[in-house]
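Let's take a walk through this structure together. Have the sequence and the 3D view ready, and follow along at your own pace.

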Amino acid sequence: MVAAAVHARIDSSRIRSVEGMGFAAAREGPTLEATVALAAEAVGDLPTPPEGPVVAEGGEFYEEPAARVGLSFQPEFKYVESIGERETVQAAHHAAYAARELLL
């Protein structure tokens, strides 16, 4: 598995700037615990820690409640609520897929 974290400044409908990216890879199977740990490692690899919440799609963490998943992230965690957040998650997906291709 490969995860990418994108630290971006956004508004409600778009990404305004990308401040950095973090990556992590693991060989474990896709369990909730392994996926959360991998995502937390990617966030920890960011050049500067995010000031706002860590945002993801619910399906990334098997539709578990944000409160349960959020225990592994700082400053806070939430699921996508705006178009700008969705665009940032999409950027992270593209980065993770590209990194996976490089590793294979």
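Which side chain meets arginine 86 in a salt bridge? Keep in mind that you're looking at a predicted model. The partner is glutamate 57, with 3.1 Å from N to O. What makes this pair a nice place to begin is that it links distant parts of the chain. Arginine 86 sits in helix 3, which covers residues 83-103, while glutamate 57 belongs to the loop between strand 3 and helix 2 (66-69), and the two are 29 residues apart. Arginine 86 itself has a relative accessible area of 40%, so it counts as partly exposed.

Stay with the charged side chains for a moment. Lysine 78 and glutamate 85 also meet in a salt bridge, at 2.7 Å from N to O. Is glutamate 85 buried or exposed? Its relative accessibility is 9%, and because anything under 20% counts as buried, glutamate 85 is buried. Elsewhere, Arg9, Glu19 and Glu51 are joined into one network by salt bridges that share partners.

Now look for aspartate 11 and arginine 16, whose side chains form another salt bridge, this one at 3.4 Å from N to O. Aspartate 11 is partly exposed, since its relative accessible area is 26%. Altogether, the count for this model comes to 9 salt bridges.

Time to leave the charges behind and head for the nonpolar side chains. The largest nonpolar core has 18 residues, and those with the most contacts inside it are Val36, Val43, Phe61, Val69, Phe73 and Phe77. Which elements give two or more residues to this core? They are strand 1 (2-10), helix 1 (32-44), strand 3 (54-56) and strand 4 (77-79). Helix 1 gives the most, with 6 residues.

To get a feel for the core, zoom in on valine 36. If you set aside its neighbours within four places in sequence, valine 36 is in contact with Phe61, Val69, Ser72 and Phe73. Three names in that list, Phe61, Val69 and Phe73, also appear among the core residues with the most contacts.

Finally, come out to the surface. Which residues make a nonpolar patch there? Val18, Met21 and Phe23 do, and the patch they form is about 240 Å². Phenylalanine 23 is part of strand 2, residues 15-25. With 34% relative accessibility, phenylalanine 23 counts as partly exposed.

Notes
Residues are numbered from 1 along each chain as its sequence is written. This is a predicted model: local features need pLDDT of at least 70, side-chain atom pairs count only at pLDDT 80 or more; totals for chains, interfaces and linings use all residues. Side-chain values use heavy atoms; hydrogens and water are left out. A nonpolar core is a set of buried Ala, Val, Leu, Ile, Met, Phe, Trp, Tyr and Cys residues joined through side-chain atoms within 4.5 Å. Buried means under 20% relative accessible area, exposed over 50%, partly exposed in between (1.4 Å probe, protein chains only). Helices (H or I, at least four residues) and strands (E, at least two) are DSSP runs, numbered from the N terminus. Contact means heavy atoms within 4.5 Å. Patches are made of residues with over 30% relative accessible area and no salt bridge: like charges are joined within 9 Å, nonpolar side chains (Val, Leu, Ile, Met, Phe, Trp, Tyr) within 5 Å. Accessible areas come from the Shrake-Rupley method with a 1.4 Å probe; for residues, only the protein chains shown count as cover. A salt bridge is a side-chain nitrogen of Lys or Arg within 4 Å of a carboxyl oxygen of Asp or Glu.
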